Amino acid sequence: MPSSKVISVKDLSCTRGDNQLFDAVNFSVSGGQCLHVTGPNGCGKTSLLRLVAGINFVEHGEISWNSSDTANNPNFYSECAYIAHKEGLKNELTAIENLRYYQQLDSGTDEVALDDILDKMGILKCADLLAQQLSFGQRRRLSFARLLIADFTLWILDEPFTGIDTSGRNLIESLCVEHLQNGGLIIMTHHQSLVDSPLNQYRSELKLGRA
Amino acid sequence: MFRNTSSLIQPLVFFIIIALLFPFSLPAEGELLQRIGGGVIWVSAVLATMLSLESMFHSDYQDGTLEQMLIHPRSLPLAMLGKALAHWTATGLLLTLFSPLLCVTFNIPSEQIWVLFAGPLLGTPSLSLIGATGAALTVTLRRGGVLIAIVILPLYIPILIFGAGMLTQTAQGLEVASQLYALAAILALSITLAPFAIAGALRVTIN
Amino acid sequence: MSPSQKKRFAIVGLIIAGVGAATFLAIMSMQSSFEYFKTPTQIETEGFDSKQTYKLAGIVRKGTVRRLDDGITQRFDITDCENDVTVQYTGILPDLFREGQAIVTIGKFVDQPMLIASQVLAKHDENYVPNEAADAIMLQQANKCDDTDGPIKY
Amino acid sequence: MQESLERDLIDTVNPITASWNFLSDTYHRLGSPREFYTISRYTTPIFGILFLTLSLIGTYFGLFVAPADYQQGDSFRILFVHVPVAWMSMFIYIVMATAGAIGLIWRIKMAFVVTICSAPIGAAFTALALLTGSIWGKPIWGTYWVWDARLTSELILLFLYFGIMAVYYAFEERKVAEKATALLSVVGVVIIPIIHYSVEWWSSLHQGATVFAEGGPKMPAEMLLPLAFMAVGFMFFYGYALFLSMQNRVLENEHKSRWVREMVIRQGKNNELVRFFLHGRLRLRGLDLLGFNIIGASRICDFS
C-alpha cells in the first residue's frame, strides 16, 4: 500500500438548522496517521465524519483526496470505508451472508477469505446465525469485519469502541495499528482519551466545539 | 427482501381485498360491476403499490445499508434501478398476474382479459419507479406514508387514466393501441429518468 | 477518454435513447388517436347496443331543431356529413347550441335509432370573431355539410 | 488620447455589452440574500403599481372596448382573466422548476427561495384557472366540468403544487427541505408539456390554442390587446407577490446573520422594522395558503 495517500480538509464548516456546528475546520491526514476527533456532545463530530465520508453534502469548504475533490470521485469511494452506529447489517441475513454481500459489491466471492476474516474477528462460530440473533458486541465485530474484505486505505470510524468488550477493543485497536503500519489512514471519534491506547503514537487530535 | 415473505404477500392480499370490497358494497348488478371493474382493479393496484412503498427504503435506512450504498463507488442510479425493479417484481408483477383472476368477480368478459394483463404489465413498472422517487424523498421522515401519497399520486394519475381507459375502450369495442403506446412511453421515460431522481432524492434527504 | 468521461458519455447516451424512445412511443400514441367519441357513421355501420352509454359527436344539421309539445324537450339531428342520428334532449341547452355547431351528446339508444341524451355539450373552436364581422362565418357554418365533401373527423 | 476616449465611449455605450454587464451584475447581486433584500425593497412596489395599472387598463379594454364574440357574446370576456391565469399557472411552474434545477446544480441559496415562494402563488393561479374555467364552461359548453385532457392535467398540476408545498413543510432541516422541494419540482416538470399539448394530442371539449396557434393568433387585435395587458399585468403580480414572499423568507432564513441583526439595531429604535415584519406578514397572509411565515413571526419577535 503506497503511503503517499493524503486526505486534506480546507475551511470546512457545517450548520444544522440555524446552529453553526463548526466553522473553518482545517486538517490533513496522510498515510500512517490517525486523526482523533474530540469535543463535547453535539459539537459535530459525527457530522464531520459523514462529510468526509461523502454521505452528507459539503456546503462550505473543500475535501480533497490526493489533491482531487472527493465529491463524486469513484477513486475515493473505493478506498474509503465508513463504520458508524448504524452497522449496515441486514437482520434477515446471516453473519456470513452480510459479509458476502459487501464482498460481492466490491470484488468477487472468496469464501476462504470470508471465513478467515470472521475468524480473525472472533465470530466464526456465529457465521450462520441471523444478524438479528447476534449480540450487540458481535454485531459491532461483524461490522468491523467489513473493513477487511477489501483494501480500504482510509478508515472512518465513528465511536468504534462503543458496546464492545475489552478483548474486542484490543482486537480493533490491533487491527487499527496494523492498518496504520501498512500506511493506512484513520479518522475516528472517541469520547475518551486515547493516551493509554496503542494508537496514541500515531494519533493527532482535532478539538471541535467551543472550549 | 425476499427473505421476508410477509412483505411479498401483504401488497397482494391488500390488492385483492380492496378490489373485492367493491362487489361487496355495490348493488349486485353484473353490468355495473363490469363497467367499473377496470377502474377498480387499477385503483387497487395503485393503492397496493403505495402501501408497499413506505417500507421500500425504510429498513435499509434504519440499519445503515443505505448510507453504505451512497458511498459505494458503484453507480447509485443503477443500484436504484435494480431496487425499483425488485420492488416491481414483488408488487406490480404479482398484481399483474392476479388481476385477470379478478375479472371473474367483476363479470368482465374473458375476451377482454388480455387487456387487464397487458395494461398492468406496462403500467406497474412505472408505478414502482415513480413511487421509489417519492419513497426516497420521504425515507428520513417518521411519518412519510401520507406524504408519499400526496407527492406520488399526481404523477400516478396519467398512468391510471391510460390503464383504466383501456378497459373502457375495449368494452365499447374501440382500439386500445393508443393507450398501450402511452403507457409504454411513460415506462420508457420513467425507466431512464427515475433512477437519477431516486439517487438524487436519497443524496438530498440522507443528511 | 478517461473512464469517468466514458461513464458520463454512456449515461448521457442512455438518457437520450430513453427520452427518444419515450417521444417515439408518445407520437405513436397520438397517431392512433384516442377515440372518446363515436360518430353517426359508426352507429350506422356498427349498430347500437341499447344497454350501452354512447358519447356521440357531430354537427347539428341545419333545419332539424324542433321543440316538442312539453316545451323543454328538443329533438335535432346530428351529422358527420355522411350519416345522421336523431337526438332527443330534455333540459337547457348550452348558449353555444345552434345549427351548424359542433356538439357532443351523451346518452342511450332506447330500442330505437334515437339517442336519448342525458347531456349535450357544445364544443367551442379556437376562433374569436367580433359580432359584426361574423355574419358571413355564421352562414357558412350553418350550411356546413351542405358543401363539405367528406366526413368530418374529431 | 482622443481614440481611447472614443473607444471607452463605444464600450460603455454598446448596448449589448452594457445590458449583458447589467444582467450578469444583477444576477450575481440577486444571488446574495442581502443584496436581493436591498434591491427588491425598491422593485417590489414598482411591480405592484405596474400590476395595478396594466390590469386596470386590461379590464377596461376587455369589458368595454373589445367587441363581443360572434358565438359566445359577452360571456367570452372571462377569457381575459382565465387565459392569463392559466398561462401563469404553467409559467410559474416552469420558473419554479428552473430555479430548483439552478439551486441543485449551482448551489445558489436564492434559487431555492424562488422555488419555495413560487409554489403557493402558482397553486393559487392554478386554482383560479380551474375556477374561472368552470364558470365559463357552464354557459358555453353546458357543464362546469368534464374529465377531458386539459382540465384533468391542470388539476394534476394543482395537486403537484400541493405536494411540493407539503414536502417543504415535512422536513425540519431547512436545507434538506429546500433541496427535496427543488428535486420534486424538477421531476414534476413533465406535466407541463402534457398540459400544453393536451388539446392537440387528444380530442377534447376544451378549445385549441388561440394566441399561440399556427399561422398567428386567431383573434382580432382589439381582443388580443386587453389579453396582452392582462397577461403582462399578472406577470408583474407574480413578481410582486414573489418578491414580498421572498423578502420574508430571506429575513427568516438569515435572521441570525449579521446584516439582519445590524438592520434591526439600526432601525430598532422606532420599531419600524418590527412593524414592517408584521405588515409584511399581514399582507402576505392572503397569498400564503398554508401560513408560510408562522414560525418566522415568533423568531422575529425575539429581536424587539
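**Exercise 1. Contacts and burial in chain C**

Find what share of the contacts in chain C with a separation of 6 or more comes from residues 24 or more positions apart.

Solution. Residues 24 or more positions apart account for 53% of the contacts in chain C with a separation of 6 or more, where two residues are in contact if their C-beta atoms, placed from the backbone, lie within 7 Å. The structure is a predicted model, in which local features need pLDDT of at least 70 and side-chain atom pairs count only at pLDDT 80 or more, while totals for chains, interfaces and linings use all residues. Residues are numbered from 1 along each chain as its sequence is written, and chains are lettered from A and ligands numbered from 1 in the order in which they are written. Turning to burial, 26% of the 154 residues of chain C count as buried (20 or more other C-beta atoms within 10 Å of the residue's own; exposed means 12 or fewer, partly exposed in between, with C-beta atoms placed from the backbone).

**Exercise 2. The strands of chain C**

List the elements of chain C from the N terminus on, and then work out how strand 3 of chain C pairs with strand 4 of chain C.

Solution. Chain C holds 3 helices and 6 strands, which are DSSP runs numbered from the N terminus (helices H or I, at least four residues; strands E, at least two). Their order is α-α-β-β-β-β-β-β-α. Two strands pair if DSSP finds at least two bridges between them, and we can apply this to each partner of strand 3 in turn.

- Strand 1 (residues 54-60) of chain C is joined to strand 3 (residues 73-79) of chain C by 2 bridges, and the two run antiparallel; here C:Ile59 has C:Thr79 as its bridge partner.
- Strand 2 (residues 66-67) of chain C also runs antiparallel to strand 3 of chain C, with 2 bridges, and C:Arg66 stands opposite C:Arg75. These two strands form a hairpin with 5 residues between them, and in its turn C:Gly71 has a positive phi of about 90°.
- Strand 4 (residues 84-90) of chain C pairs with strand 3 of chain C in the antiparallel sense over 7 bridges, with C:Gln74 opposite C:Tyr89. Their hairpin has 4 residues between the strands, and C:Cys81 takes a positive phi near 80°.

**Exercise 3. The sheet of chain A**

Determine the strand order of the open sheet of 5 strands in chain A, and say which helix lies across strand 3, strand 7 and strand 8 of chain A.

Solution. Chain A has 6 helices and 9 strands. Its radius of gyration, taken over C-alpha atoms, is 17 Å, close to the 17 Å of the globule rule for 211 residues, so chain A is as compact as a globular protein of that length; the rule is 2.2 Å times the number of residues to the power 0.38. The open sheet follows the order 6-7-8-3-9 with parallel pairing, and its edge strands, strand 6 (80-83) and strand 9 (203-207) of chain A, each pair on one side only. Within the sheet, strand 3 (residues 34-38) and strand 8 (residues 185-189) of chain A run parallel and are joined by 4 bridges, with A:Cys34 opposite A:Ile186. The helix asked for is helix 6 (residues 166-181) of chain A, which runs at about 145° to strand 8 of chain A (axes are lines fitted to C-alpha atoms, for helices over the stretch in contact, and angles run from 0 to 180 degrees between N-to-C directions).

**Exercise 4. One residue in a loop**

Is A:Ala127 buried, partly exposed or exposed?

Solution. A:Ala127 lies in the loop between helix 4 (111-120) and helix 5 (136-145) of chain A. Because it has 16 C-beta neighbours inside 10 Å, A:Ala127 counts as partly exposed. Leaving aside neighbours within four places in sequence, A:Ala127 is in contact with A:Thr94, A:Ala95, A:Ile96 and A:Leu118.

**Exercise 5. Confidence in chain D**

Identify the element of chain D in which confidence is lowest.

Solution. The pLDDT is the predictor's confidence in each residue, from 0 to 100. Chain D has a mean pLDDT of 79, and 78% of its residues reach 70 or more. Confidence is lowest in helix 12 (residues 294-301) of chain D, at a mean of 37, and highest in helix 4 (residues 79-106) of chain D, at 94. Over residues 278-304 of chain D the pLDDT is below 50, although this stretch has 41 contacts in the model beyond near neighbours in sequence. Where pLDDT is low, the predicted coordinates should not be read in detail.
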